[in-house]
Structures are given as structure tokens and as C-alpha cells.
Amino acid sequence: MDAKTKYKAKKIKMVFFDIDDTLRIKDTGYMPETIQKIFKELKAKGILTGIASGRARYGVPQEVQDLHADYCVKLNGAYAKDDQKNIIFQAPIPDEVVMRFKEWANAVGINYGMAGRHQAVLSERNDLVSKAIDPVYADLDVCPDFNEKHDIYQMWTFEDQGDALQLPEDLAQYLRLVRWHDNSSDVVLKGTSKALGVSKVVDHLGLKPENILVFGDELNDLELFDYAGISIAMGISHPLLQEKADFVTKKVEENGILYALEELGLIEKELHFPQISLDTVQGPKAIIKTNHGDLQVQLFPEHAPKTVANFIGLAKEGYYDGVIFHRIIPDFMIQGGDPTGTGMGGQSIYGDSFEDEFSDELYNLRGALSMANAGPNTNGSQFFIVQNKKIPYAQKELERGGWPAPIAASYAENGGTPHLDRRHTVFGQLVDQASYDVLDIIAAVETGLHDKPKEDVVIETIEVLD
């Protein structure tokens, strides 16, 4: 996420969420447990929450209702209310337009549906209709005359024509089609959209568009993305929506909403520090076999995926076999990975140097495996292992400097090189005492000019344990 978007987040006072494939997966009904946490934390920070959906109130799943959003914009913006059911805005389709739409649908031989405030109905039910509508509104009644006694806020087409389906000219001046399913389009008033409904809530609250953050995934979110101060597209969003988005986050099942809000700083990131809880970490390990003993490391591909892939790729092709630790400084680190043995060479699996991967959960603690570099984003093949046993700072000093308490405690107790944090990519950690013993043995070898050992410390091979 770029700095400009993060800066704009400082103005956010309200967040609107789409439902299907945003808060929850439409086809399975799965909603991450983190969604409840998100709503609670936003409200605790005084940030209002809202739902902006194509669904009507009776189509909102119970788990979404239980979130108690402060405001709801339903039926693609045709209806808006607060959590106390006070109506903020409503825009039913004129009766004569509904009648003309039904005449046209019957004439061209397509089925349709109609949505009122408290109920939705179908003109007919068949397999095509059920496939489209049942995941959103299950068991709708068939009642083609429903509009004679009820206001209609939205309609649907049910057909297999896709974008080839077009309204006749006399209807197109009042209505528009918004495709949401291979076999169905929403039929809404021209000028009515989620953006309109949200704007009515924003005006009601005395806010501005720049105060609004929105999450969505489909074409009925396009206008809303144009309107809001910040727009976030889910990982499976329609390509046109992704083009408009300020940021494309992860999928629902990957906690995409939580990830985006943490990146924006609107929710405190829940940090886990794998280096100080290695027994809970899964994933690849590597054994750096040297002529002084073995160094076993746990790798962290979730935190530094490109760096770990580079290290594993080079190791498996034998790139490090016979390479020396060319720079050793006791009470600091041991550095290797350069086939030239000079500290001036080495190449990544990507051919060129690659970017840093800094994580808020990884630090240059004693025993950390980190990338050596010649400045920002210049990673190649060289790496170092932090050996320093003691630092001149107390835990409280580090905490005041911004280091998390568990990391500050580890630094104070075990040592490390905190001054290298955010300068070198950490991607692994020694896993056992035997490895630390070998590390200290290597760090104690006699060195000469440029901190190069007088007798070679050789990486015989690196074995990867996937």
C-alpha cells in the first residue's frame, strides 16, 4: 500500500462494506471470525460502520445483521436507514416504469423479479432463476402482480443473454442494468447507485466523501469507488473495479478486510513473533553445513516470501556449496554467500538484485538469518547470521524507541543488532543450542584484513528441509 493512501486514511470517519464476496463468501456463506473484531475495533475508535449492498434487509444474512452496522444502504442505493431503523433515504421506481418493464420482459420472453422494502418475488421459477437468485434470496414466492400493492425499489432480469441484453429506449431513459450474475442483472433507477445511498448518509451525518472508506468486489460498486475517499477492492474483484481501487487487498478467506485496515492503520495489527516462539512455527528449515559444524535455521516464507524462495533456490542448485564466510566480526555477525569470497559478488535467482521484505514481526535478534546488501533493495545471494550476545540498551529504552515489548525483551536478554532492523531483511532464525554453539565458534576464529578469516570457514552445502 502506498504512502499516499495511508495518509488519506487519517481522514476516514466511516467505513462501508459490501456483503457478498466482501464480508462473506456468497456461495458458501463463510465469514471470517475477524469481521466481528473489525466492527468492534472500528466502533471503539469512533469510526462509524455501514453496509452498502445490492441486497434488501430481508436478504441480509443473520451473521451480518448481528454486526449492527451504524447505517445500511440497501437495494443498490435505493434505500438507506440507521441502526434504529430510521429511514434516511428511499427512492422507489415509479409505478408506470415498473409496469412498462414487466410488459417488455414478457414480450421478449425473459423472467424477472421485484424487490420491495419487506419482500421480494419472482415472475416465475425455473432452474436458471433458482441458480441465480437462491444464494442471495432463498425460497422467493412467485407473484408477478406484486407491484400492484407494493412499492418496488429494484428489479432483476433472469436470462442467458449476458451483456447483449439491452433495455428498449423508452425504458433506458429511466432504468439501467447492472450485471451481477451470468444469468441476471439488477434493474435500478438511473442515477440510483450505492454511491447515491451512501452520499445521503454522508450528508445526513455532515461528513464529506474524503471521510469515507469503502470495500467492494463487483460492478455495482463502481460508482461508490468513484465517490469515496478511499476504495479497497477484494482479491477476487471484477477487473474494472480493481482498476479504480486505491488498493487491492486479499480474498475474504485470507482476511482481506483485516489486512487492508491494518495496513491503513485503522486497526491495530495483531503481531506474532515467530523468532521467539519457534516451536509453533511450521514451514521449511535449512541446515547450513560448515567445516565447523551445522547451523540449522527456521525459514519464514510467509513474512519474506521472495527472500526465502531465493535462498532455497540457490541452496538447492548448489550455489552455496564450497562458498566461504568471507567476513566475520565477533560480537556482531558472520557473513557469507558470495561465490567470489570478496563480499563484492553474488547473484539472486531472479538474475538481478531484488527488493527488501521488511516485516513488523521479524527482527535482527541474536541468531537471525538476514540478507546482506549494499543499500535499499539490493539483495542478491549474500546473507549473515547475527552473533552479538549483548547490546548496550535496556528493554525499556528499546520500547521507548518503538520496538515491541517481547522483541525488546529478547534483545535485552539475548543480544542482537537492533540498529540493522528495517535495513536488512530477516528471513530465518537459528533453532537450537547446538547451532548457537557453532555460530560462536565461527565468530571466534582468527581474522585478518577486512575481517576475513585467516583459515577458510566453508559452507560445505545447504540442505533444505521442506
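Where is N211 found? I began with this residue and located N211 in the loop between helix 7 (194-205) and strand 12 (212-216). Before going further I noted that the model is predicted, and I read every value below as computed from that model.

**Entry 1: N211 and its surroundings**

I asked next whether N211 is buried or exposed. The relative accessible area of N211 is 7%, and because buried means under 20%, N211 counts as buried. Looking at what surrounds this residue, and leaving aside residues up to four places away in sequence, I found that N211 touches K11, I12, K13 and M14. I also looked at the polar side of this neighbourhood, where a polar atom of the N211 side chain lies 2.9 Å from the backbone oxygen of K11.

**Entry 2: strand 12 and its partners**

From N211 I moved on to strand 12, in which 5 of 5 residues are buried. I checked the two faces separately and found I212, V214 and G216 buried on one side, with L213 and F215 buried on the other.

Which strands pair with strand 12? I found that strand 1 (residues 14-17) pairs with strand 12 in the parallel sense over 4 bridges, and in that pairing F16 has V214 as its bridge partner in strand 12. Strand 13 (residues 230-233) also runs parallel to strand 12 and is joined to it by 4 bridges, with L213 standing opposite I230 of strand 13.

**Entry 3: a hairpin**

For an antiparallel case I turned to strand 4 (residues 79-82) and strand 5 (residues 87-90), which pair in that sense over 3 bridges. I followed Y79 across the pairing and noted Q90 in strand 5 as its bridge partner. Strand 4 and strand 5 form a hairpin with 4 residues between them, and in the turn I noted that K85 has a positive phi of about 70°.

**Entry 4: two further positive phi values**

I then looked up D331, which sits in the loop between strand 18 (327-329) and strand 19 (333-336). Phi of D331 is near 60°, a positive value in a residue other than glycine. The relative accessibility of D331 is 53%, and since exposed means over 50%, I recorded D331 as exposed.

R422 also caught my attention, as its phi is positive at about 70° although the residue is not a glycine. I placed R422 in the loop between helix 13 (405-414) and strand 22 (426-430).

**Entry 5: cavities**

How many cavities of 30 Å³ or more are there? I counted 3 cavities of that volume, and the largest cavity holds about 80 Å³ of space. R422 appears again here, being one of the residues that line the largest cavity, along with E357, F358, S359, L362, Y363, N364, L420, D421, H424 and V426. I sorted the lining of the largest cavity by residue type and obtained 5 nonpolar, 3 polar and 3 charged residues.

**Entry 6: from the lining to helix 11**

One of the lining residues, E357, led me to P305, since I wanted to see a pair separated along the chain. P305 and E357 are 52 residues apart in sequence and 8.1 Å apart in space, C-alpha to C-alpha. I found P305 in helix 11 (residues 305-316), and its relative accessible area of 42% makes P305 partly exposed, because that class lies between the 20% and 50% limits.

Technical notes
Residues are numbered from 1 along each chain as its sequence is written. Side-chain values use heavy atoms; hydrogens and water are left out. Two strands pair if DSSP finds at least two bridges between them. On a 1 Å grid over the protein atoms alone, a cavity is a set of points where a 1.4 Å probe fits but cannot get out, and a pocket is an open set with protein on both sides within 12 Å along at least five of seven lines; lining residues have an atom within 4 Å of a point. Grid points are joined across faces, edges and corners, and a volume is the space filled by probe spheres set on the points. Ala, Val, Leu, Ile, Met, Phe, Trp, Tyr, Cys and Pro count as nonpolar, Asp, Glu, Lys and Arg as charged, and the others, Gly among them, as polar. Buried means under 20% relative accessible area, exposed over 50%, partly exposed in between (1.4 Å probe, protein chains only). A polar contact is a pair of N or O atoms within 3.5 Å; within protein, one must be able to donate a hydrogen and the other to accept it, and residues adjacent in sequence count only if both atoms are side-chain atoms. Contact means heavy atoms within 4.5 Å.
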